[in-house]
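Please work through the exercises below with the sequence and the model side by side, trying each task before reading its solution.

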Amino acid sequence: QLNLEIYKITNNFPKSEIYSLIPQLRRAATSIAGNIAEGMGRNTTKELLSFLYNARGSLAEVIYYLILGKDLGYIEKESFEESYRRYNGLAKGINVFISKLKLKD
């Protein structure tokens, strides 16, 4: 769902960002779910943790690009605040998942 929101948000970015900020933001957002999915398909907790760390890194990247998009005037305040809140919630969820997996090891 969050990834779809990024596609909608970036559809409103100026054409000048078609080769820079738009693909970077979309790629980072897609990478979050992709890393989680790939990690879940792995055989060990260690591998899953590695992919969760990658997902968390991509998530931090998305948050940065959202802030940049807002600061450049590409994202409306309400849209930014909602996306920022939801991505921070996802970050907390990933952190909890990582913590539980580390306790299991």
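The notes on the model come first, followed by three exercises with solutions.

This is a predicted model, in which local features need pLDDT of at least 70 and side-chain atom pairs count only at pLDDT 80 or more, while totals for chains, interfaces and linings use all residues. Residues are numbered from 1 along each chain as its sequence is written, and side-chain values use heavy atoms, with hydrogens and water left out.

**Exercise 1.** Identify the residues with the most contacts inside the largest nonpolar core, and the helices that supply this core.

Solution. A nonpolar core is a set of buried Ala, Val, Leu, Ile, Met, Phe, Trp, Tyr and Cys residues joined through side-chain atoms within 4.5 Å, where buried means under 20% relative accessible area (1.4 Å probe, protein chains only). The largest such core has 26 residues, and Val62, Leu66 and Tyr87 have the most contacts inside it. Helices H1 (2-10), H2 (21-40), H3 (45-71) and H4 (77-104) each supply at least two of its residues, helices being DSSP runs of H or I with at least four residues, numbered from the N terminus. The most comes from H3, with nine residues.

**Exercise 2.** List the contacts of Leu66, leaving out residues up to four places away in sequence.

Solution. Taking contact as heavy atoms within 4.5 Å, Leu66 touches Ile6, Ile9, Leu25, Ile75, Phe80, Ser83, Tyr84 and Tyr87.

**Exercise 3.** Is Glu5 buried or exposed?

Solution. Glu5, which lies in helix H1, has a relative accessible area of 17% and is therefore buried. With residues up to four places away in sequence not counted, Glu5 touches Ser83 and Arg86.

Key:
Buried < 20%, exposed > 50% of the residue type's maximum accessible area, 1.4 Å probe, protein only.
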